[in-house]
2 protein chains.
Amino acid sequence: VERGGRPHLPEIEAVLLDIDGVLRIGDDAVPGAVEAVKQLRSADLALRFVTNTTSQPSRRITEELERLGFEPGPEAVVTPAGLAIKRCRELGHGRVMLLMNEAVKEDFGELQETEDEADAVIVGDLGEEFSYEILNRAFRAVIDGAALIALQKNRYWLKPNGLSLDVGPFVAALEYATEKEADVVGKPAPSFFELALDGLDVEPGQAAMVGDDIESDVGGALEAGIPGILVRTGKYREDAAEASSVEPTATVDSIADVPALLRSEPRSSSG
Amino acid sequence: VERGGRPHLPEIEAVLLDIDGVLRIGDDAVPGAVEAVKQLRSADLALRFVTNTTSQPSRRITEELERLGFEPGPEAVVTPAGLAIKRCRELGHGRVMLLMNEAVKEDFGELQETEDEADAVIVGDLGEEFSYEILNRAFRAVIDGAALIALQKNRYWLKPNGLSLDVGPFVAALEYATEKEADVVGKPAPSFFELALDGLDVEPGQAAMVGDDIESDVGGALEAGIPGILVRTGKYREDAAEASSVEPTATVDSIADVPALLRSEPRSSSG
């Protein structure tokens, strides 16, 4: 099933799994996905479930994976929110301005939400609540020295009534106004993938990212030095894959093929 | 008064005059400005009053110049609105979506305002009325093929209660969402200056721009091939002028010095 001959996947110790389009589509698990995840776990691979979702708190995402049978362990779900908090912790940003819906603020409980003297502005999904007033408040905080962190920077998404602005345009507005580049902590930022490996004690080359988006999942991972496996499910489109300048380390039909792919190389070669 | 030796200003036939900071400051004329404009007119120079103002219709700007004694002739005031209309006329954009305050829409009377099937989206100043809904409507129009025109792209301005977002960030948001570059028709776009010369029958090198903003006025004019004269009034700051990579053709204390500067060269040399 691999494209372009035998993939180069030596000594993989950890696997980063995209959720939507790879493990589940809509409300259902992808056929063979639950079994594949069990096989990866049996092969002693460390697993992380990585998603760019900014509309739900991590707890809800974990519950949903449990319901589908994926048995994510504690802290195995990695979201832009989780990485934003980690970034704030490292940089000592205790007071944050949060541009996101109320439900997701649950993920930021360890930080102090503030409207004044923020150390960082964290831009998530406010949907139709994005307004001049809110953006201006964020602008003034950044001008006054706050860091600008974006959970993602997607351009638009498909709502039932048509294509609609996502978070990215509002991040771009703040970047333009402040002449500061946002620290985008979601995919495809290489730092997203690097931080997803935190605590796993593996080098980027010893991990693999499995995703259905050639640019955001595979391209981002490769830029972080992590082999990228493209699956032909979810948002995968052959023409997009062929048009892309990104060369996946391997392309397989679905997550069900990933265990065999990773087992095709000896786990511990001695030279 | 010139900086860097004798300026190179041969055979100037037309002068573009910035308004705020050059001819007037706040509600008052700059000392000597009315007399200087009279002298330029007596020397048979064609004059255009150019401004980036997007909060007032041209009629109001003209009235204000008249009140101060500048006697602008008909059509002598050049604004981004005027140039946006010219652009729409040239490209056959009859149906336009207008993102701007109601007063300024007066300038767009010859175009048909529409919410559907717009040929062009024209982004002006909506102030605190910029919202997700309005931006999303503009986004969809551009995705559906409408041209994206911006009257200006300033980052922010100083309101009584503090620095506040200007039009630019919202233009940047639409550009990011649509992956299209806006046609910015205000300063410092070289096309603004080129179009300001329309109908004057002079080459760019035969005109001069007088402004107080080294980047927007002088830099933009120079990029359009028009000599740029910087005045030390209005927003002029010595440190900004020295830090800039823009080299004004001449720098003078105020508009009052411009007639002598332009007369310092023979109007008609024969080689």
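Put chain B and chain A together and about 2600 Å² of area gets buried between them, with carbon and sulfur atoms giving 63% of it. On the chain B side, Tyr132(B), Leu165(B) and Tyr176(B) lose the most area to chain A, and together they make up 33% of what that side buries. Keep in mind that this is a predicted model.

How many residues of each chain are in contact across this boundary? It's 28 from chain B and 28 from chain A.

Now for the polar side of things. There are 19 residue pairs in polar contact across the interface of the two chains, counting pairs with both residues at pLDDT 80 or more. The elements of chain B that give two or more residues to the side touching chain A are H4, S10, S11 and H5. H5(B) gives the most, with seven residues. By type, the residues on that side split into 14 nonpolar, eight polar and six charged.

The salt bridges come to two between chain B and chain A. One pairs Glu179(B) with Arg155(A), their closest N and O atoms lying 3.5 Å apart.

Here are the interface figures in one place:

| Item (chain B and chain A) | Value |
|---|---|
| Buried area | about 2600 Å² |
| Salt bridges | two |
| Residue pairs in polar contact (both at pLDDT 80 or more) | 19 |

What about the nonpolar core? The largest one has 49 residues, and those with the most contacts inside it include Val123(A) and Val123(B). H4(B) supplies the largest share of this core, seven residues. Beyond its neighbours within four places in sequence, Val123(A) is in contact with residues including Leu99(A), Phe130(A) and Leu174(A).

Notes: Residues numbered from 1 in each chain as written. Chains lettered and ligands numbered in written order. Predicted model: local features only at pLDDT ≥ 70, side-chain atom pairs only at ≥ 80, totals over all residues. Heavy atoms only, no water. Contact = heavy atoms within 4.5 Å. Buried area = accessible area lost by both parts, 1.4 Å probe. Salt bridge = Lys/Arg side-chain N within 4 Å of Asp/Glu carboxyl O. Polar contact = N/O pair within 3.5 Å; in protein donor to acceptor, adjacent residues only side chain to side chain. Helix = DSSP H or I, 4+ residues; strand = E, 2+ residues; numbered from the N terminus. Nonpolar A, V, L, I, M, F, W, Y, C, P; charged D, E, K, R; others polar. Core = buried A, V, L, I, M, F, W, Y, C linked by side-chain atoms within 4.5 Å. Buried < 20%, exposed > 50% of the residue type's maximum accessible area, 1.4 Å probe, protein only.
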